Amino acid sequence: MSQRVADLTKHKKSFENGHQIAWDSTSIELAQTCQRKYYYSMIEGLRPNNNSVHLIFGGLYATALEHFYKHRALGDDIDTALRKVVHETMTASWEYDENGESVGAVYFDDTKKTRLTLIRTIVWYVDQFAEETDDGISTYHLQSGEPAVELSFTLEASNDILLCGHLDRVVEYGAALYVMDQKTSGATIGTYYFNQFSPNNQMSLYTWAGQTILHSPVRGVIIDAAQIAVNFTRFERGITTRSKDQLNEWYESALYTIEVTRRNTDEDFWPMNLSACGNYGGCPFRSVCSSTPSIRQNYIKSDFAAHNWDPLVPR
Amino acid sequence: MSDVTELFHRDPLKMTNCDIDIIIAEMRKKRVMFNAAPLAAKKAAPKLTAGQEAATKLSLDIKL
């Protein structure tokens with residue numbers, strides 16, 4: 001066991017003696033993509049200085065819709081729930097200093113994903129999809145009567161490993177249950193876009209967790225994807241399903257990845273996967289890995305900041 | 001500066017329900033305009049003359 005790794009991760013709830021014990025889909029994905037990337041992101045806890053506009057926009061959007069459905073399920077009509085989440089999102093995208101004094105609007109460094117297009121997308125989504133009908137999609141209610149929204153889960157897998165995450169909403173569609181997830185993209189959304197979700201760690205984990213939490217045959221995930229353009233937002237709805245065998249296969253692969261990562265943690269050995277450096281526009285740690293090892297800390301100090309991503313800390 | 005542009009530069013904690021409703025109404029107006037645009041463009045497109053229309057048709061005068 002590396003004492004160095006244990007020291008680096010001692011403040012994180014999801015780590016124990018340097019080993020990650022609670023895994024969400026993001027950390028599984030990182031470990032499968034590249035062990036060095038996993039190390040920089042999860043062990044050293046680094047993220048690029050410029051927080052991705054896509055993460056900020058996507059996070060605010062998903063939170064707004066999650067809250068919208070919660071307000072709806074608690075009895076608000078559509079217009080009241082929409083007014084609440086627009087106000088919340090306007091506030092969440094506004095900066096205040098440590099004394100609570102107003103600073104100004106959060107800067108979105110993008111031409112398509114801006115504060116205005118975020119609000120527009122929330123309003124347009126609600127106008128297109130919010131009306132629930134008996135033959136359409138409706139929020140599932142738990143046995144307690146509570147709406148199945150904002151479900152954070154931590155479930156025990158094998159070998160003292162916990163799998164955790166957060167389901168925005170579980171819905172009934174036809175006779176089946178689905179987890180619902182929101183995505184945003186600057187690109188046109190079609191078959192090619194939806195293909196990325198099968199196979200996919202996040203969608204498999206959500207389906208697995210949905211089945212385990214609800215003790216019901218959750219069939220998969222309905223993905224409401226929004227194409228954000230300068231002057232419009234266009235929505236497409238896609239469904240990705242998982243059979244029992246597919247879920248078993250994903251589960252075995254995820255546990256294998258976790259086991260490999262545990263061995264690497266013991267040895268403090270983090271090999272690079274050079275075939276993944278160019279994925280999705282390039283790995284954020286490419287500049288670090290491409291520099292000579294003796295000067296890497298300089299790059300890290302200048303281009304990266306600490307982030308507090310901890311799968312066990314509720315959102 | 002329009003009402004909505006001004007509202008986007010205002011501290012949201014000082015906004016009223018009426019302010020939020022103005023923003024929502026403006027976004028809904030944009031949606032209606034966006035959805036109506038293809039139909040408006042179709043209506044505004046110049047009609048082909050009979051000669052132009054005939055020239056665009058395929059000849060099906062195939063002899064077997």
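**View 1. The interface of chain A and chain B in the predicted model.** Chain A and chain B together bury about 2000 Å². Carbon and sulfur atoms account for 69% of that area. On the side of chain A, the residues that lose the most area to chain B are Arg83(A), His87(A) and Trp124(A). Together these three make up 30% of what that side buries. The contact draws 20 residues from chain A and 18 residues from chain B.

**View 2. Polar and charged pairs across the interface of chain A and chain B.** The rule finds 3 salt bridges between the two chains. It also finds 7 residue pairs in polar contact across this interface. Which elements of chain A each supply at least two residues of the side that touches chain B? They are α5 (78-92), β5 (94-96) and α6 (115-129). The largest share comes from α6(A), with 8 residues. Sorted by class, the side of chain A that touches chain B has 10 nonpolar, 4 polar and 6 charged residues.

**View 3. Arg83(A) and Asp21(B), a salt bridge between the chains.** The side chains of Arg83(A) and Asp21(B) meet with N to O at 2.9 Å. Arg83(A) is also among the residues of chain A that lose the most area to chain B. Side chains of opposite charge can pair when their charged atoms come close.

**View 4. A salt-bridge network with members from both chains.** Asp79(A), Asp127(A) and Arg28(B) are linked in this network. Chain A contributes Asp79(A) and Asp127(A), and chain B contributes Arg28(B).

**View 5. Chain B, a chain of helices.** How many helices and strands are there in chain B? There are 3 helices and 0 strands. From the N terminus on, the order of elements is α-α-α. Chain B has 64 residues, and buried residues make up 19% of them.

**View 6. The largest nonpolar core.** This core has 50 residues. Those with the most contacts inside it are Trp23(A), Tyr38(A), Leu163(A), Trp208(A) and Trp250(A). Tyr38(A) touches Trp23(A), another of these residues. Beyond four places in sequence, Tyr38(A) also touches Phe15(A), Gln20(A), Ser27(A), Leu30(A), Ala31(A), Ile43(A), Thr261(A) and Trp270(A). Another core, of 45 residues, lies apart from the largest one. Its members include Val86(A), Ile222(A) and Ala226(A) from chain A, and Met27(B) from chain B.

**View 7. Glu150(A) and Lys70(A), a salt bridge between distant parts of chain A.** Over all chains, the structure holds 12 salt bridges. In this one, the side chains of Glu150(A) and Lys70(A) meet at 2.7 Å, N to O. Glu150(A) sits in strand β8 (residues 149-156), and Lys70(A) in helix α4 (residues 53-73). The two residues are 80 residues apart. Are these residues buried or partly exposed? Glu150(A) has 24% relative accessibility, so it counts as partly exposed. Lys70(A) has 32%, so Lys70(A) counts as partly exposed.

**View 8. Lys84(A) and Asp76(A), a salt bridge with one buried partner.** The closest N and O atoms of Lys84(A) and Asp76(A) are 2.7 Å apart. Asp76(A) counts as buried because its relative accessibility is 18%, under the 20% cut-off. Lys84(A), at 35%, counts as partly exposed.

**View 9. Asp224(A) and Arg237(A), a salt bridge between two strands.** The two side chains meet at 2.6 Å, N to O. Asp224(A) lies in strand β11 (residues 218-228) and Arg237(A) in strand β12 (residues 233-241), so the pair ties together parts that are 13 residues apart in sequence. At 1% relative accessibility, Asp224(A) counts as buried. Arg237(A) counts as partly exposed, with 35%.

**View 10. Arg262(A), a buried arginine in helix α9.** Helix α9 of chain A spans residues 244-267 and holds Arg262(A). Why does Arg262(A) count as buried? Its relative accessible area is 18%, and buried means under 20%. Leaving aside neighbours within four places in sequence, Arg262(A) is in contact with His19(A), Gln20(A), Ile21(A), Asn159(A), Asp160(A) and Ile161(A). Ile21(A) is 241 residues away from Arg262(A) along the chain. The C-alpha atoms of these two residues are separated by 9.5 Å.

Notes:
Residues numbered from 1 in each chain as written. Chains lettered and ligands numbered in written order. Predicted model: local features only at pLDDT ≥ 70, side-chain atom pairs only at ≥ 80, totals over all residues. Heavy atoms only, no water. Contact = heavy atoms within 4.5 Å. Buried area = accessible area lost by both parts, 1.4 Å probe. Salt bridge = Lys/Arg side-chain N within 4 Å of Asp/Glu carboxyl O. Polar contact = N/O pair within 3.5 Å; in protein donor to acceptor, adjacent residues only side chain to side chain. Helix = DSSP H or I, 4+ residues; strand = E, 2+ residues; numbered from the N terminus. Nonpolar A, V, L, I, M, F, W, Y, C, P; charged D, E, K, R; others polar. Core = buried A, V, L, I, M, F, W, Y, C linked by side-chain atoms within 4.5 Å. Buried < 20%, exposed > 50% of the residue type's maximum accessible area, 1.4 Å probe, protein only.
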